[in-house]
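Hi everyone, thanks for making time. I'd like to walk you through one protein model today, so have a look at it first.

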Amino acid sequence: MKKNILVVDDDQTIISMFEFILTQANYKPITVNSGVICLEKLKAGLSVDLIFLDLKMPVLSGLDTFREILKINSKIPVIMMTGDSIDSLLKEAFELGAYGIIYKPFD
């Protein structure tokens with residue numbers, strides 16, 4: 001059974017890259033372009049094994065989205081992604097329990 005990987009990013013290029021890589025690695029990518037949609041899907045019962053979450057997004061930031069994910073299911077590993085080095089936000093994400101951080105742009 002393929003593992004479901006949720007990718008949350010407002011950049012379509014990042015979404016497309018993850019869809020390609022995860023599909024090639026035999027995972028099932030589920031992609032959304034906002035924290036709001038991410039939370040709607042999780043509240044509706046979407047089962048995921050891992051979440052890649054962009055830190056900086058319009059409307060609802062990645063950090064605010066992460067706080068809400070923890071209320072829905074604190075057992076889902078979340079890896080934060082960022083193109084910026086915002087030490088205070090990254091520190092807070094790790095204090096909340098983020099599994100890791102990936103810096104953009106990717107190689």
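I'll go from the cores to an aromatic pair, then a helix contact, a few strand residues and two backbone angles.

A word on the ground rules: this is a predicted model, so local features need pLDDT of at least 70, side-chain atom pairs count only at pLDDT 80 or more, and totals for chains, interfaces and linings use all residues. Residues are numbered from 1 along each chain as its sequence is written, and side-chain values use heavy atoms, with hydrogens and water left out.

Let's start inside. By a nonpolar core I mean a set of buried Ala, Val, Leu, Ile, Met, Phe, Trp, Tyr and Cys residues joined through side-chain atoms within 4.5 Å. Buried is under 20% relative accessible area, exposed is over 50%, and partly exposed is in between, with a 1.4 Å probe and protein chains only. The largest such core holds 22 residues, and those touching the most other members are Leu6, Val8, Leu42, Ile51, Leu53, Ile69 and Met80. Which elements give two or more residues to this core? They are strands E1 (4–8), E2 (28–32), E3 (50–54) and E4 (78–82), together with helices H2 (35–43), H3 (62–72) and H4 (87–96). Those labels are DSSP runs numbered from the N terminus: H or I of at least four residues for helices, E of at least two for strands.

There is also another core, lying apart from that one, with ten residues, including Ile5, Val7, Ile14 and Phe52.

Leu6 is a good place to zoom in. For contacts, I count heavy atoms within 4.5 Å. Leaving out residues up to four places away in sequence, Leu6 touches Ile30, Val32, Cys38, Leu42, Val48, Leu50, Ile51 and Phe52.

Phe52 brings us to the aromatics. The rule pairs rings of Phe, Tyr and Trp (its six-membered ring) if their centres lie within 6.5 Å; planes under 30 degrees apart are stacked, over 60 edge-to-face, and the rest tilted. The count by this rule is one aromatic pair. Its partners are Phe18 and Phe52, with ring centres 4.8 Å apart and planes at 45°, so the pair is tilted. Phe18 sits in helix H1 (residues 12–24) and Phe52 in strand E3, so the pair ties together parts 34 residues apart in sequence. Both Phe18 and Phe52 are buried.

Now for two helices. How do H2 and H3 pack? Their axes are 10 Å apart, at an angle of about 5°. The axes here are lines fitted to C-alpha atoms, for helices over the stretch in contact, and angles run from 0 to 180 degrees between N-to-C directions. H2 is therefore roughly parallel to H3, a label for angles under 35 degrees; over 145 is roughly antiparallel, 65 to 115 roughly perpendicular, and the rest oblique. On the H2 side we have Gly35, Cys38, Leu39, Leu42 and Lys43, meeting Thr65, Glu68, Ile69 and Ile72 in H3. Of these, Glu68 is partly exposed, at 27% relative accessible area.

Over to the strands. Val78 lies in E4 and is buried, at 1% relative accessibility. Outside its neighbours up to four places away in sequence, Val78 touches Ile51, Leu53, Phe66, Ile69, Ala98, Tyr99 and Gly100. The C-alpha atoms of Val78 and Ala98 are 5.4 Å apart, although 20 residues separate them along the chain.

In strand E5 (residues 100–103) we find Ile102, partly exposed at 25%. Beyond four places in sequence, Ile102 contacts Phe52, Ile79, Met80, Met81 and Thr82. Ile101 is in E5 too, and its relative accessible area is also 25%, again partly exposed. With the same sequence neighbours set aside, Ile101 touches Ile79, Met80, Met81, Thr82, Leu90 and Phe94.

Finally, the backbone. Most residues other than glycine have a negative phi. Which way does Asn26 go, positive or negative? Its phi is positive, near 70°, and Asn26 is in the loop between H1 and E2. Val59 likewise has a positive phi, about 70°, in the loop between E3 and H3. Val59 is exposed, with a relative accessible area of 82%.

That's my tour; happy to go back to any part of it.
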